[in-house]
Amino acid sequence: MENSEGVKIESTAVTEEPLISALDIALFVVIITVAYFWYFKRDKQSSSSEKKPYTIQPSPLSSIEQTSNSSFIKKLKSTGRSLVVFYGSQTGTAEEFAGRIAKEGARYKMKGMVADPEECDMADLVEMKEIQKSLAIFCIATYGEGDPTDNAMDFYEWLQNGDADLEGLNYAVFGLGNKTYEHYNEIAIYIDQRLEELGATRVHEIGLGDDDANIEDDFVSWKEKLWESVCSHYGIEETGEESNIRQYKLVDCSEVLPERIFSGEISRLKSYENQRFPFDVKNPYLSKIAVNRELHKSGDRSCMHIEFDIDGSKMRYDTGDHVAVYPKNSSELVDKIGELLNADLDAVFSLLNTDEESSKKHPFPCPCTYRTALTYYLDITSNPRTHIMKELIEYASDPKDQEKLKLMASSTPEGKKEFHEWILRDNRNIVHILEDLPSVKPDLDHLCELLPRLQCRYYSISSSPKVYPKSIHITAVLVNYTTPTNRVNKGVATNLLAQLIPTNDELPQPTIPIYIRRSQFRLPPKSQTPIIMIGPGTGLAPFRGFIQERDYARKEGREIGEMVLYFGCRKKDEDFIYENELQEYVANGTLTKLHLAFSRDQPEKKYVTHLLEQNADELWNIIGEKSGHLYVCGDARSMAKDVHSIIVKVVMEKGQMTNSQALNYVKKMEQQKRYSADVWS
């Protein structure tokens, strides 16, 4: 055994530092390797780029086009226009109104264009003053609970957060809203005020259209006064020219290959054959109908429980969200139009915008057949607006039919009365008009240009993704009613859904295009927070999802707060939907209390609002003493308003507040998302 000294000497000799260490060699090898691969990879890319020139792959818009198209100022200047009409639209009405204003501009020597704020750089508004006698008009809808429409969201946020100098900008605003909603025309009012704050000049006072009454009448009345103000402001006169200029021209597409023809797709050709995630308003998912069953036990009305299969779609939803369903018109109505106009519905055509600068080349996906357009793209069941009456005049060969159309298209008191009674009260659609005015034979391509787009229908989702991650449930009442002219009108979406009955597994299941729309109608973040749910009829739908989610949490061992449900229907033995489910939730403790009102099971009608008044102590205990949440779903016109009044009254009495204090308390609940409404009119 060597002594410690010898070992020490050997150790010293080993640890002497060489000129190049092993670590240096390793690092050197790594550097050489990286440099080698980098050099040859670059060389390969360089060689490849020399052999194959750079190309831009086909896409809806290249980045260069997007930059160019976003500058509406350049378009105005290059085409000699001075009028731009922006629209914030969720259902197409605001866009339609914008088009009508832009078209009328020609009568006042103001060449106009329609613009989608989502596709424009709205900061360019500061440059409007550079265009002589320029005017910007905004047709803006308020959507949901006082929200901007999807396409106006960026513009709204720009106004909120920006501080642009808009001096020299002349503007006017028309709002589209519904008085049954609390935040009536809130977005249009904000935009009107904000533009003025930023230095812009209001040429005409804001117009507020009420869709719960007669928004067409509101718009026409405002529009007439608008042009009077425009003439006064700019010192111009109306030319008096009343020409019905076509916005689109007909293109014969009989020679187009079948694979290039749209057959009902919303945006992308063959999108239903080649489905691509993500799915949205322009790219819906073709979902199979997994379940379609009747919920009513008896009676002459129908309520459907429908389950959409989303397995494998990568679609996700939250409890309280909405699902959009894309319907199609009945073949019976479509064929009727073909018969009335003696038209070949299977002819392939396209409508091309006569304005080459417009970003909207076609009114709907083209080319397609007339049958496809009338089935999937055009609304043929709603009441046509007055501008359609005006356009139909030239196609009437009978003087009596001509005079009737002229009267309804006019803004005189007699004209408005006739339009209201013959179109709105009697509930006539375009098919009924063509039937009742037999001499009116419009060109089918022109009719396709005039009719509004068929819109998707939204339904509150009546399931929880925690319990049903692979399906979406809805609860829908079948819409059928007889009009004053003894015609039977049918709901476009619900009557289609009623026909989509799943069969056995050996046959292809029925399908329908859908997508998910996010909602602010949400359960409290904490499962322990107590909640009150008020949902008569199909207003129960989102609460079924709420209860499922809380039941899921309870089964996981988590603590859940009180859940109180107010539900009402006509008769217990007829239309008490999901009765067994609700009773089971009461039995297992998930649903703390179930207050039921059957309006026609006793001599005096009884509604959920009556029960709410009777349970004032329970109501205040949850929303006042325990800071719980309150939810309302259903009819906005009466039920939701009555509930709001009762809540204020209870807060006054039980909270010992004045009326003003109670209103502020309820307002604060809404701001804190403790009072939420998912309502419709």
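This passage walks through a few local features of a predicted model: a surface patch, a helix pair, two cis peptide bonds and two residues with positive phi.

Local features here need pLDDT of at least 70, side-chain atom pairs count only at pLDDT 80 or more, and totals for chains, interfaces and linings use all residues. Residues are numbered from 1 along each chain as its sequence is written, and side-chain values use heavy atoms, with hydrogens and water left out.

To start at the surface, V467, Y468 and Y552 make up a nonpolar patch of about 220 Å². Patches are built from residues with over 30% relative accessible area and no salt bridge, joining like charges within 9 Å and nonpolar side chains (Val, Leu, Ile, Met, Phe, Trp, Tyr) within 5 Å. A salt bridge, in turn, is a side-chain nitrogen of Lys or Arg within 4 Å of a carboxyl oxygen of Asp or Glu. The areas come from the Shrake-Rupley method with a 1.4 Å probe, and for residues only the protein chains shown count as cover. V467 sits in the loop that links β14 (457-460) to β15 (471-477); helices (H or I, at least four residues) and strands (E, at least two) are DSSP runs, numbered from the N terminus. With a relative accessibility of 35%, V467 counts as partly exposed, a label for values between buried (under 20%) and exposed (over 50%), with a 1.4 Å probe and protein chains only.

Next comes the helix pair. The axes of α6 (residues 153-161) and α7 (residues 186-197) come within 11 Å and cross at roughly 45°, which makes α6 oblique to α7. Axes are lines fitted to C-alpha atoms, for helices over the stretch in contact, and angles run from 0 to 180 degrees between N-to-C directions. Angles under 35 degrees count as roughly parallel, over 145 as roughly antiparallel, 65 to 115 as roughly perpendicular, and the rest as oblique.

The backbone has some details of its own. F277 and P278 are joined by a cis peptide bond with omega near 5°, and P278 belongs to the loop between β8 (248-252) and β9 (285-294). The bond from C366 to P367 is cis too, with omega about 0°; P367 is in the loop between β12 (348-353) and β13 (368-369).

Then there is K109, a non-glycine residue with a positive phi near 55°. K109 lies between α5 (93-104) and β2 (112-115), in a loop, and is exposed at 70% relative accessible area. Q656 also has a positive phi, near 55°. The loop between α22 (639-654) and α23 (659-671) holds Q656, which is exposed at 73%.
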